[in-house]
Amino acid sequence: LSGNSLGTAGSVWMLQGLSENWSLRELDIANNGAGAEVGGVAGQSLVMNTSLTSLSLSCNKIGPSGTSSLAAAMVTNTSLRSLDLSNTQMQDRGCIGIANALEGNKGL
């Protein structure tokens, strides 16, 4: 679904579906013009989802607040093996949040 102009609303809708989906293994919603809200929703969904192994959110404007929200979920999620956050404008604060979460994550 990369590069389909889903925007924030469409990307959020796709991520919310992860809370109730146990068969999807990979989701690529890169380059869809999504904003910070996507990080928080991705985090909430990853707490519930135990099947997703790869998630790409690259080239979306998630920023430091979105990546901080996502980082909180990374501590409890054990199924994710690949997370692409390249070009998400996370800045130093978001990067530090992700780095701290990786210390407690057993999968990534």
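Leaving aside its neighbours within four places in sequence, with which residues is threonine 88 in contact? In this predicted model, the partners of threonine 88 are Leu57, Ser58, Cys59, Asn60, Lys61, Ile62, Gly63 and Thr67. Threonine 88 itself sits in the loop between strand S3 (82-84) and H4. Its relative accessible area is 1%, and because buried means under 20%, threonine 88 counts as buried. To place this residue in its setting, it helps to begin with the chain as a whole.

The protein chain contains four helices and three strands. Along the sequence these elements follow the pattern α-β-α-β-α-β-α. The C-alpha trace spans about 35 × 35 × 15 Å along its principal axes. For 108 residues, a compact globule would have a radius of gyration near 13 Å, and the 12 Å of the protein chain agrees with this. Of the 108 residues, 46% are buried. Among contacts with a separation of 6 or more, 86% join residues 24 or more positions apart. The accessible surface of the protein chain comes to about 5400 Å², and carbon and sulfur atoms hold 51% of that area.

The interior comes next. In soluble globular proteins, nonpolar side chains tend to be buried together. Here the largest nonpolar core has 24 residues, and those with the most contacts inside it are Leu15, Leu55, Leu57 and Leu70. Two or more residues of this core come from each of H1, helix H2 (37-48), helix H3 (63-74) and helix H4 (91-104). Leucine 57 shows how such a residue is surrounded: beyond its neighbours within four places in sequence, leucine 57 is in contact with Leu15, Ile29, Ala30, Val38, Ala42, Ile62, Leu70, Asp84, Leu85 and Thr88. The last of these is the residue with which this account opened, and Leu57 is likewise listed among the contacts of threonine 88.

Two of the helices may be followed in detail. H2 has 12 residues, which at 1.5 Å a residue should span 16 Å; its end C-alpha atoms are 18 Å apart, which agrees. Its buried residues are Val38, Gly39, Gly40, Val41, Ala42, Gly43, Ser45 and Leu46. These pack against H1, strand S2 (54-56) and H3. Val38 and Ala42 also appear among the contacts of leucine 57.

H3 likewise has 12 residues and reaches 17 Å from its first C-alpha to its last, close to the 16 Å expected at 1.5 Å a residue. Within H3, the residues Gly63, Pro64, Gly66, Thr67, Leu70, Ala71, Ala73 and Met74 are buried. The cover over these residues includes H2, S3 and H4. Gly63 and Thr67 of this helix are in contact with threonine 88, while Leu70 is among the contacts of leucine 57.

A contrasting position is asparagine 21, in the loop between helix H1 (7-16) and strand S1 (26-28). Asparagine 21 has a relative accessible area of 25% and is therefore partly exposed, since that class lies between 20% and 50%. Apart from its neighbours within four places in sequence, asparagine 21 is in contact with Asn49 and Ser51. A polar atom of its side chain lies 2.9 Å from the backbone nitrogen of serine 23. Asparagine 21 and leucine 102 are 81 residues apart along the chain, and their C-alpha atoms are separated by 24 Å.

How values were computed: Residues are numbered from 1 along each chain as its sequence is written. This is a predicted model: local features need pLDDT of at least 70, side-chain atom pairs count only at pLDDT 80 or more; totals for chains, interfaces and linings use all residues. Side-chain values use heavy atoms; hydrogens and water are left out. Buried means under 20% relative accessible area, exposed over 50%, partly exposed in between (1.4 Å probe, protein chains only). Contact means heavy atoms within 4.5 Å. A polar contact is a pair of N or O atoms within 3.5 Å; within protein, one must be able to donate a hydrogen and the other to accept it, and residues adjacent in sequence count only if both atoms are side-chain atoms. A nonpolar core is a set of buried Ala, Val, Leu, Ile, Met, Phe, Trp, Tyr and Cys residues joined through side-chain atoms within 4.5 Å. The expected span of a helix is 1.5 Å times one less than its number of residues. The radius of gyration is taken over C-alpha atoms; the globule rule is 2.2 Å times the number of residues to the power 0.38. Accessible areas come from the Shrake-Rupley method with a 1.4 Å probe; for residues, only the protein chains shown count as cover.
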